[in-house]
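Visitor: I am new to this structure and would like to know how its descriptive words are justified. Could you show it to me and let me ask about them?

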Amino acid sequence: MKRTPWFRDWFGGEYLALYPHRDRAEARRAVELLRDTAGLGSRTRVLDLACGAGRHLVELERIGSRAVGLDLSQRMLAAARDALPDAGLVRADMRHLPFRPASFDVVTSYFTSFGYFDDESDDLGVLHGVRRVLRPGGVFLFDFMNADAVVTNLRTEDRRTVSGVDVIQERRLVDGGRIVEKRISIGPRGGKPGREFVERVRLYRPGELESMMIQAKLVPGRRFGGYDSSPFTLESPRYIVVAEASS
């Protein structure tokens, strides 16, 4: 029996409640990095893949871009609608982008919104889809975790209390170290029983990601290790690359 993909259950109200620190200030830095490297203008057409609750969309709108957000989660899109009542929001699977070729000048994939699928060919398919909806010469900003830093600094367990609710997060490497799995246990609240979720993300290294981009006709360009425009190193917390859609 085929199991329900973890991301269909996890990205909902519990996720929003657990990560209130993922705030506008961080999103502003991320979008400013894009603005400074891609030269966003008032008529730049931007697609934000896996837009979540819309924090990057808010910042894209602030600088005048014509942004569209895409996400699979109805709960996340509802939160994005609350943040931006007039935003262009689309519910869809990122493997099947419902847009015409060359519809966008820029596509963004912020905060490790990649590597979620059991089949690696699906991840490559996402990149092919990005290239299809980008105009030739368009920009793809890809923001992923630095896999080597994740492995080196893996915190196997942490416990905290969020709004009076106990939360335990346990992490381990599985599939021969190719996937980082996080098990999130959320205690009971408001008379409701506790719940448990699992998050699984494939640990692609920069070289693997760049090879996949090239296969999808996305040419890697400038690389950064954080939203502060710091250069990428093996110790960087993030791997951020700005790629160009080739002809």
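Guide: What follows is a series of questions about terms, each answered by setting a value against a definition.

Guide: This is a predicted model, in which local features need pLDDT of at least 70 and side-chain atom pairs count only at pLDDT 80 or more, while totals for chains, interfaces and linings use all residues. Residues are numbered from 1 along each chain as its sequence is written, and side-chain values use heavy atoms, with hydrogens and water left out.

Visitor: Why is R238 called buried?

Guide: Buried means under 20% relative accessible area, exposed means over 50%, and partly exposed is what lies in between, with a 1.4 Å probe and protein chains only. R238 has a relative accessibility of 13%, and therefore counts as buried. Its place is in strand β11, residues 238-245, where strands (E, at least two residues) and helices (H or I, at least four) are DSSP runs numbered from the N terminus. Contact means heavy atoms within 4.5 Å, and, not counting residues up to four places away in sequence, R238 touches residues including F111, D143, M145, F224 and Y227.

Visitor: What makes E32 partly exposed or buried?

Guide: The value for E32 is 27% relative accessibility, so this residue counts as partly exposed. E32 has its place in helix α3, residues 24-38, and its C-alpha atom is separated by 9.1 Å from that of D228, although the two are 196 residues apart along the chain.

Visitor: What makes a group of residues a nonpolar core?

Guide: A nonpolar core is a set of buried Ala, Val, Leu, Ile, Met, Phe, Trp, Tyr and Cys residues that are joined through side-chain atoms within 4.5 Å. The largest such core here has 50 residues, and W10, L47, V107, F114, F140 and L218 are those with the most contacts inside it. Apart from the largest core lies another, of 24 residues, with V58, A67, L77 and V139 among them. As for F140, the residues that it touches, not counting those up to four places away in sequence, include V107, L127, L134, L218 and V242.

Visitor: How do you know that the buried residues of α5 are on the same side of the helix?

Guide: In helix α5, residues 74-83, the buried residues are M76, L77, A79 and A80. They cover an arc of only 155° around the axis, which puts them on the same side of α5; the arc is that of the directions from the helix axis to the C-beta atoms. On the other side of α5, Q74 and D82 are exposed, while the buried residues pack against α2 (13-18), β2 (66-71) and β3 (88-91).

Visitor: Why are the buried residues of α8 said to line one face?

Guide: Helix α8, residues 206-215, has P206, L209, E210, M212 and M213 as buried residues. Seen down the axis of α8, these fall within an arc of 160°, so they line one face of the helix. G207 and I214 are exposed on the other side of α8, and the buried residues pack against α6 (120-133), β5 (134-145), β10 (218-224) and β11.

Visitor: How do you know that E210 is buried, and what makes a polar contact with its side chain?

Guide: E210 has a relative accessible area of 17%, and because buried means under 20%, the word applies. The side chain of E210 makes a polar contact with the side chain of R223 at 2.6 Å. A polar contact is a pair of N or O atoms within 3.5 Å; within protein, one must be able to donate a hydrogen and the other to accept it, and residues adjacent in sequence count only if both atoms are side-chain atoms. Leaving aside neighbours within four places in sequence, E210 is in contact with P220, R223 and Y239.

Visitor: Why is E157 called partly exposed, and with which side chain does its own make a polar contact?

Guide: At 33% relative accessibility, E157 counts as partly exposed, because that term covers values between the limits for buried and exposed. E157 lies in strand β6, residues 157-162, and its side chain makes a polar contact with the side chain of R159, at 2.6 Å. Leaving aside neighbours within four places in sequence, E157 is in contact with I168, Q169, E170 and R171.
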